[in-house]
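Please open the model in your viewer and keep the selection tool at hand, since each stop below begins with something to select and then says what is found there.

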Amino acid sequence: MMPVSMVGRAGERAELDRAWSTVVDAGRPSPAVTVITGAAGVGKSLLVAAAVEGFSPRPAVVLSGAARLHDPAPYDWLAAVLSGRDTSGLDLPPDALAWLAQQPTAPRERYAPGTLLRLAVRTVRRLVGAGPAVLVVEDLHALDPASLNLVGELATAGDLPALLVVASRPPADAVAPDLAVRVLSRLCGVRGAVRQHLGPLGVPEVAEVLTQVYEGTRPTDRIATAVWRRTGGNPYALTELLAAHAGRGPEALAERPLPEHLRPPAPRPAAPPDAELTGREVEVLGCLVAGMSNKQAARALGISVRTVTVHVSNLLRKTGSASRTEAALWAVRHRVPSRPLG
Ligand SMILES: Nc1ncnc2c1ncn2[C@@H]1O[C@H](COP(=O)(O)OP(=O)(O)OP(=O)(O)O)[C@@H](O)[C@H]1O
Ligand SMILES: [Mg+2]
């Protein structure tokens, strides 16, 4: 199957371009921050890659890293950034660099955690130089605590001419959910930070993907709608469905059984009865966990912003939370599903 080019997401790309221009034009002293959250497979990585690829002027430096999913180690993000890079001219203690880069020959850790964090920040500074740079943090939800702290520090570091772009699944899916919630809210608290919650594709975008796959033949509305419903508009699910039925006509996408792994999962346990949340409150809480603003939650649930505000204040009271972040942490601990599950 031919790779499909990105559909939709024009608004999100424009926002990323705007964030980049604040770094380039204003020569701002500390990083601009953009946080992109969304369910697994919704298209965060593709959006980031396409946006960075299209930045104008081109970044002088791009530092991009993701967690190694199978055995995350301290400073995984930085180790991924350093891997394959010549660091000999960096003016940092070589043993610390070797350790941060997770080189097998590195001496055992000899630095205090605070010192390592400072050295990690300094390493990024040296790599960024005069910039302007783009720092891409992929899969924040899967990162180790040391990397999370580093990302939080970088977001508020002075004199760092960079755009920090962070992509994350909702913190409920995180390796360290409490810390992920804290770091995400620290990132979103940076002045001018942009937060984007990526939703699924709509029927027209699904139709556009199918048109690409069937070489210019637009699917009927019935088929596009059926495929959209079966995949929830999730591009990863769509890709899998297309792969499972490659070589068959578009009818198959609408009618043949879904591959096993695309069938809906068993529902997760709901909020515990002890907090006595209403169904609507659980939904609003799910939006908080997903990091949505009241306006985004209102849109997601089809209710007014004013109603969301009322639900949020009831939620804070019922969960004994002092802030939205605390309520989100409460939800993660009590396994309230984040919304949308995609
Ligand atoms: N807007 C889009 N148009 C067409 N295809 C897309 C779009 N967004 C994503 N895809 C495709 O869907 C798949 C999943 O996308 P991607 O890896 O970007 O998701 P993700 O949100 O980063 O997922 P994860 O949470 O697993 O990191 C990829 O094959 C990608 O090419
Ligand atoms: Mg991704």
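**The nonpolar cores**

In this predicted model, begin by selecting Tyr75, Trp77, Leu135, Leu140 and Leu187, which touch the most other members of the largest nonpolar core, a set of 51 residues. Colour helix H5, residues 113-128, next, as this helix gives the most to the core, with eight residues. Apart from this core lies another, of 24 residues, and selecting Leu277, Met292, Ala298 and Trp330 will show you some of its members. In soluble globular proteins, nonpolar side chains tend to be buried together.

Return now to Leu187 and display its surroundings: leaving aside neighbours within four places in sequence, Leu187 is in contact with Val33, Val35, Leu140, Val151, Ala155, Leu164, Val166 and Ala193.

A polar residue is worth a look here too, so to speak in passing: select Thr123, which lies in helix H5. Is Thr123 buried or exposed? Thr123 counts as buried because its relative accessibility is 1%, and, not counting residues up to four places away in sequence, Thr123 touches Leu78, Leu82, Leu90, Leu92, Leu97 and Leu100.

**Ligand 1 and its shell**

Select ligand 1 and expand the selection to the residues around it, of which there are 18, the closest being Val7, Lys44, Ser45, Leu46 and Arg169. By type, the residues of this shell divide into nine nonpolar, five polar and four charged. Helix H2 (44-54) and helix H10 (235-244) each supply at least two residues of the shell.

Which polar atoms of the protein should you look for beside the oxygen atoms of ligand 1? Start with the side chain of Lys44, where an N or O atom is 2.7 Å from an oxygen atom of ligand 1; go on to Val42, where a polar backbone atom is 3.2 Å from a ligand oxygen atom; and finish with the side chain of Asp139, where the corresponding distance from an N or O atom is 3.3 Å. Taken alone, ligand 1 exposes 640 Å², and the protein buries 80% of that.

**Helix H2 and what covers it**

Keep Lys44 selected and add Leu47, Val48, Ala50, Ala51 and Val52, which, together with Lys44, are buried residues of H2. To see what covers these buried residues, show helix H1 (10-26) along with strands S1 (32-37), S2 (61-65), S3 (133-137), S4 (162-168) and S5 (194-197), which are included in that cover.

**Backbone details**

Follow the chain from H2 into the loop that leads to S2, where Pro57 lies, and inspect the peptide bond between Ser56 and Pro57, which is cis, with omega about -5°. A further cis peptide bond runs from Gly131 to Pro132, with omega near -5°, and Pro132 is placed in the loop between H5 and S3.

Two residues with positive phi complete the tour. Select Arg9 in the segment before H1; its phi is near 65°, a positive value in a residue other than glycine. Arg9 counts as buried because its relative accessibility is 12%, which is under the 20% limit for that class. Then select Asp159, in the loop between helix H6 (145-156) and S4, where phi is about 60° and thus positive although the residue is not a glycine. Asp159 counts as exposed, because its relative accessibility of 64% is over the 50% limit.

Key. Residues are numbered from 1 along each chain as its sequence is written. Chains are lettered from A and ligands numbered from 1 in the order in which they are written. This is a predicted model: local features need pLDDT of at least 70, side-chain atom pairs count only at pLDDT 80 or more; totals for chains, interfaces and linings use all residues. Side-chain values use heavy atoms; hydrogens and water are left out. A nonpolar core is a set of buried Ala, Val, Leu, Ile, Met, Phe, Trp, Tyr and Cys residues joined through side-chain atoms within 4.5 Å. Buried means under 20% relative accessible area, exposed over 50%, partly exposed in between (1.4 Å probe, protein chains only). Helices (H or I, at least four residues) and strands (E, at least two) are DSSP runs, numbered from the N terminus. Contact means heavy atoms within 4.5 Å. A residue is near a molecule or strand if one of its heavy atoms lies within 4 Å of it. A polar contact is a pair of N or O atoms within 3.5 Å; within protein, one must be able to donate a hydrogen and the other to accept it, and residues adjacent in sequence count only if both atoms are side-chain atoms. Accessible areas come from the Shrake-Rupley method with a 1.4 Å probe; for residues, only the protein chains shown count as cover. Ala, Val, Leu, Ile, Met, Phe, Trp, Tyr, Cys and Pro count as nonpolar, Asp, Glu, Lys and Arg as charged, and the others, Gly among them, as polar.
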